[in-house]
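Please look at the sequence and the structure together, and keep both at hand while reading the report that follows.

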Amino acid sequence: MRTPTRRAMLGTGIALTGGGLLAACSGSGTDHSGHGGQPASDPAGYVAPGGKEVAAAEAKRTPGPVRKMKLTATPATLDLGGRTVRTWAYDDELPGKEVRVTAGDTLALTLANHLPQSTSIHWHGLALRNDMDGTPGLSQAPIKAGASFEYRFTTAHPGTYWFHPHSGVQQDRGLYAPLIVEDPKEPLKYDKEWVVVLDDWVDGVDGSTPDAVLAELGKGMGGMDHDGMNMGESGGMDHGGMSHDGHHMSNMSQMPATAEAVADKAPSPKPSGPSRMMMGATSKLLGGDAGDVAYPYYLVNGRTADNPETFRARPGDRVRIRFINAGGDTAFRVALGGHRMTVTHTDGFPVAHAETDALLLGMGERYDVLVTAQDGTFPLTALAEGKKQSAMAVLRTGGGAAPEPSVRPKELDGELLQARQLKADGSVRLKPGRPDRTITLELTGSMTAYDWAINGRKYDPAQRYPVRGGERVRLSFVNSTQMWHPMHLHGHTFSLGDGGPRKDTAIVLPGQTLDVDFDADNPGLWMIHCHNVYHSESGMMTVLGYRR
């Protein structure tokens, strides 16, 4: 892990008191990256993650039967389908073993940390109690190497979710798994279910690690080796993120690391392996620059297209596919050859059903679809948008040769439905109402300096945007950069536009503004960040805080 990270260097005004860390103005912990920091036990004027308000909100969720589980984060050797890598994973599996519960159940999952550094679990998309959200230095203390921690919370809402660390760039290793919360009154009728997890992979390939990738990107274009760059579709470079007068949107200086961050740090990564910086990867769907990282592999359920997973069904079966993009820096365009898909959910919440040939998933997004299986063998292809590579799995209902790894089904270039075109199902539609509060979040930074931030300010846990319980809040994401950003809100779902779908992660295109509304009904301290793990780790995240 790259230590101290830029975020670890931002905890100003910290004093070490009685073994705990107290922030001068906020009382918050320090380092989201997992190097150190206690939870914000007494944030001045704000609801604490373990406060009575959080306990009261959890009590209203009417906890049901307790589902006890155990999970181990550990170094592992994994077979990606012909390529063996050393990485970190949950119980030596990729993806980690699916966690499946029923809405209303209390999940009691104990994580044992056998990694050489601190870790955590964030339950992506769940509206859960704040002290179980898994953000070290904000909502909990990091889980130290050799320690264990029990996550215990009510799973209130059915849907397709997933979990991963919120500690540095650990998510871009093999530490992720699906979380499926079943609906006890499931309205959909289907014969089989297929959980499809998409990923971009670099860890353990030719000496590469996500931490080394971050270190390379962090130098910006000014410190790069032009001869070693990976060129995308256009072969050009992104000099984006400039304001109209040509100056950088953000130029924040680094600050001293906190005492606990230094004490818990891992060695800084040494340059190794080939350059992973990608230049010139472009996509019209993404408004220009498609990504920063040239990954050597793209995976569906932990397998490359050369040795794909095969899902078996019978002709005529109605199959529910749950798509999860667990990637670090890649949007995926997905399609099932020979089939149309009916979209039923996004980010766990139902939508008015809509048919499409293909879908675009930013990092962190999920979609559920229904398909009626045809007779034969069909590629489920996930195109790494703008990066000229793809991942694949196979749907087999009969005979026939398996598709070639390079197959590009025509559906990928057919009708493509995007989130803004969907409408929330009436059962979950946000009630009409004007916002009581609008929070403007300008997305700033550039590839040139790799200085991603929000409102020109890199992540600092002492910086909070206040809300009060019961308010209708509007988040206005203003993208002043020349890259797209999948923005994620912890602990809540928001509505896209009037009657739009309920989501927790949404793509904000370059030069565009996206307004989303949510009801402030889950007290605590919650992160808002870009779900490009390298952008967030470089500083593009902030905190939403409930006032007492």
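Which residue in E36 is the bridge partner of His 488? In this predicted model, the partner of His 488 in E36 is His 529, and the pair belongs to strands E31 (residues 485–489) and E36 (residues 525–530), which are joined by three bridges in the antiparallel sense.

These two strands are part of an open sheet of five strands with mixed pairing, whose order is E29-E37-E36-E31-E34. Because strand E29 (464–467) and strand E34 (505–508) stand at the edges and have a single partner strand each, one side of each is left without a neighbour in the sheet. From one strand to the next, the twist averages 25°.

Strand E3 (residues 66–79) also has two pairings to follow, one with strand E6 (residues 106–113) and one with strand E4 (residues 84–90), and the table sets them side by side.

| Strand pair | Sense | Bridges | Residues opposite each other |
|---|---|---|---|
| E3 and E6 | parallel | eight bridges | Met 69 and Leu 109 |
| E3 and E4 | antiparallel | seven bridges | Ala 76 and Thr 87 |

The hairpin of E3 and E4 has four residues between the strands, and in this hairpin Gly 81 takes a positive phi near 105°.

Turning to empty space, a search of the whole structure finds three cavities of 30 Å³ or more, and the second largest cavity holds about 40 Å³ of space. Its lining includes Ile 454, Arg 457, Asp 460 and Met 541, and the lining residues of this second largest cavity divide into four nonpolar, two polar and three charged.

Key: Residues are numbered from 1 along each chain as its sequence is written. This is a predicted model: local features need pLDDT of at least 70, side-chain atom pairs count only at pLDDT 80 or more; totals for chains, interfaces and linings use all residues. Side-chain values use heavy atoms; hydrogens and water are left out. Two strands pair if DSSP finds at least two bridges between them. On a 1 Å grid over the protein atoms alone, a cavity is a set of points where a 1.4 Å probe fits but cannot get out, and a pocket is an open set with protein on both sides within 12 Å along at least five of seven lines; lining residues have an atom within 4 Å of a point. Grid points are joined across faces, edges and corners, and a volume is the space filled by probe spheres set on the points. Ala, Val, Leu, Ile, Met, Phe, Trp, Tyr, Cys and Pro count as nonpolar, Asp, Glu, Lys and Arg as charged, and the others, Gly among them, as polar. Axes are lines fitted to C-alpha atoms, for helices over the stretch in contact, and angles run from 0 to 180 degrees between N-to-C directions.
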